[in-house]
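Trainee: I would like to learn how to read a few features of a model, going from the backbone to the empty space inside. Could we take them in turn?

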Amino acid sequence: MKKDNSEILNDNLNIEIELLLEALYRKHGYDFRNYGKAHIKRRVLHRLAASGLNYVSDLQHKLIYDDNFLKLLLDDLSITVTEMFRDPDFYKAVRQEVFPILKTYPFFKIWHAGCATGQEVYSMAIMLQEEGLLDRAQIYATDFNNIALKKARDGIYPVDKIKEYTQNFQRAGGKSSFSDYYTARYDSVILDQSLKKNIVFADHNLVTDSVFAEVNMIVCRNVLIYFNKNLQERVFSLFEQSLIPGGYLCLGSKENLRFSNIFRNFEVENDKEKIYKKQYHTRTIKKNNV
Amino acid sequence: MFEAVVIGASAGGLNAFKTFLPKLEKNFSLPLMLVQHISPQSDNYMTTHLDKLCKIKVKEAEEKETIKKGTAYFSPPNFHMLIEEDKSISFSVENKVNYARPSIDVLFETASYAYKNKLIGIILTGANNDGAAGLKKIQELGGFTIVQDPEEAEVDTMPLSAIKIMKPDKILKLKEIADFLNKIHKNNKRIA
């Protein structure tokens, strides 16, 4: 069947977007080639409209020759929207079901993969503090977006979010008063700096980097929704290798481990809150002996 | 031959869906993807309730789910729903668009790239202007556009916002929308 004009234009656009992602990878090392295509297209077209250029190919030229453009494009492609105690029921479940196990270790490690601007890392730190566990914890908070990571390290957030954060904190079963954990200054709040004494903020890219630690719990929420299935599998396998036996994997409410290859080595701890536990005895597939 | 239907609604949407989704015939030959503006904390009451009322299957969409005909997929609360060109569903938690997440514009825009001139877009009752730009996009890519008759809509702002920036192919009442979709369905079956 002959293609109509809108199909031809769309095919052209898709070629241009693929070439832009190829340039981004080859020039700067950021690999978005296995991200979900609809999301990428939306964000690229958003950048195109904002830049006043005509074609995505023009963006490619800018990306290669204008160093300032990289920052803009990365900001478009990576979603850093987050909040403190986002999905309060998740934090409640972690407190009730995971912390009692973490308590049995003299020392434990938590990895927040794709921490963006850090709100969810501090939420976890506050809960650990309330349970008297923060001193025993080593928290790794990683992201590939260095601008977001700097905000995470600073722990300074707009004051207009505090009402929402406080409500979330209470619904998450917070025991103390949320205002104990921040100081308001003008239009910002600074989180209690002692919360980050055991947090290491580091540049790590789930797409291109590998295992860097063995941890008791991984929190990676609303990151994998942007990846295609192949990339999701790669990251799941990275997580499996990074978890100790009996370690916990926490995903976002719409992310699911069930259809993944590594699911055979996990059990469901909390189906609704997407908390999975790595089994103590894990199996590896033997090629000739299934 | 049309391949999919996208529908957006806000204030008054649940009543509108209850009125016309149950009229769609069994084995309906197209999939429907729907956004209803809804509070982030909502449970799945709406989809389970509609599923009981309807002959087609109604469910909350799942991440990376392959789109099947005869099924109505509602966006979950607090996520944008995007349609991939391989005809599967994905989500995003990017900022609200038109003060809404899920946003109708996000669904319509991505669906228009996935289905182009094989898409039907419908705007129903609502108190804001989400969906207007998306409906325009559907039209630009050759899709068919319908707006609920503002006279009938519980809140007419959303239909009027769409009509203001584009000329929809049809302005219909809910009953007529159901009849129109059933006609498309029969026509699809005849061709197939």
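Trainee: In which loop of chain B does B:Pro102 lie?

Mentor: Keep in mind throughout that this is a predicted model. B:Pro102 lies in the loop that runs between strand 6 (89-92) and helix 3 (104-115) of chain B, and the peptide bond leading to it from B:Arg101 is cis, with omega near 10°.

Trainee: What is the general expectation for phi and for peptide bonds?

Mentor: Most residues other than glycine have a negative phi, and most peptide bonds are trans. In chain A, A:Ala116 has a positive phi of about 50° although it is not a glycine, and its place is in the loop between strand 1 and helix 6 (119-130). A:Lys274, also not a glycine, has a positive phi near 55° and is found in the loop between strand 9 (266-270) and strand 10 (275-278) of chain A.

Trainee: Are A:Ala116 and A:Lys274 buried or exposed?

Mentor: Buried means under 20% relative accessible area; A:Ala116 has a relative accessibility of 8% and therefore counts as buried, and A:Lys274, at 11%, counts as buried too.

Trainee: Which residues of helix 2 of chain B are buried, and where do they fall around the helix axis?

Mentor: The buried residues of helix 2 (residues 45-53) of chain B are B:Met46, B:Thr47 and B:Leu50. Seen down the helix axis they fall within an arc of 90°, so they line one face of the helix. Their packing partners are helix 1 (13-20), strand 2 (32-36), strand 3 (57-60) and strand 4 (71-74) of chain B.

Trainee: How does one find empty space, and how many cavities of 30 Å³ or more are there?

Mentor: Rolling a probe the size of a water molecule over the atoms shows where empty space is left. Here the count comes to three cavities of 30 Å³ or more, and the largest has a volume of about 390 Å³. Its lining holds 30 residues, of which A:Ile79, A:Gly114, A:Cys115, A:Asp143 and A:Val223 lie nearest the centre of the cavity; by class, the lining has 16 nonpolar, ten polar and four charged residues.

Trainee: Where does the largest cavity lie with respect to the domains of chain A?

Mentor: Domain 1 (5-77) and domain 2 (88-278) of chain A both give residues to the lining, so the largest cavity lies between them. The centres of these two domains, taken over C-alpha atoms, are separated by 30 Å, while twelve residues of domain 1 are in contact with eleven residues of domain 2.

Notes: Residues are numbered from 1 along each chain as its sequence is written. Chains are lettered from A and ligands numbered from 1 in the order in which they are written. This is a predicted model: local features need pLDDT of at least 70, side-chain atom pairs count only at pLDDT 80 or more; totals for chains, interfaces and linings use all residues. Side-chain values use heavy atoms; hydrogens and water are left out. Buried means under 20% relative accessible area, exposed over 50%, partly exposed in between (1.4 Å probe, protein chains only). Helices (H or I, at least four residues) and strands (E, at least two) are DSSP runs, numbered from the N terminus. The arc is that of the directions from the helix axis to the C-beta atoms. Contact means heavy atoms within 4.5 Å. On a 1 Å grid over the protein atoms alone, a cavity is a set of points where a 1.4 Å probe fits but cannot get out, and a pocket is an open set with protein on both sides within 12 Å along at least five of seven lines; lining residues have an atom within 4 Å of a point. Grid points are joined across faces, edges and corners, and a volume is the space filled by probe spheres set on the points. Ala, Val, Leu, Ile, Met, Phe, Trp, Tyr, Cys and Pro count as nonpolar, Asp, Glu, Lys and Arg as charged, and the others, Gly among them, as polar. Domain bounds come from an automatic or database domain assignment.
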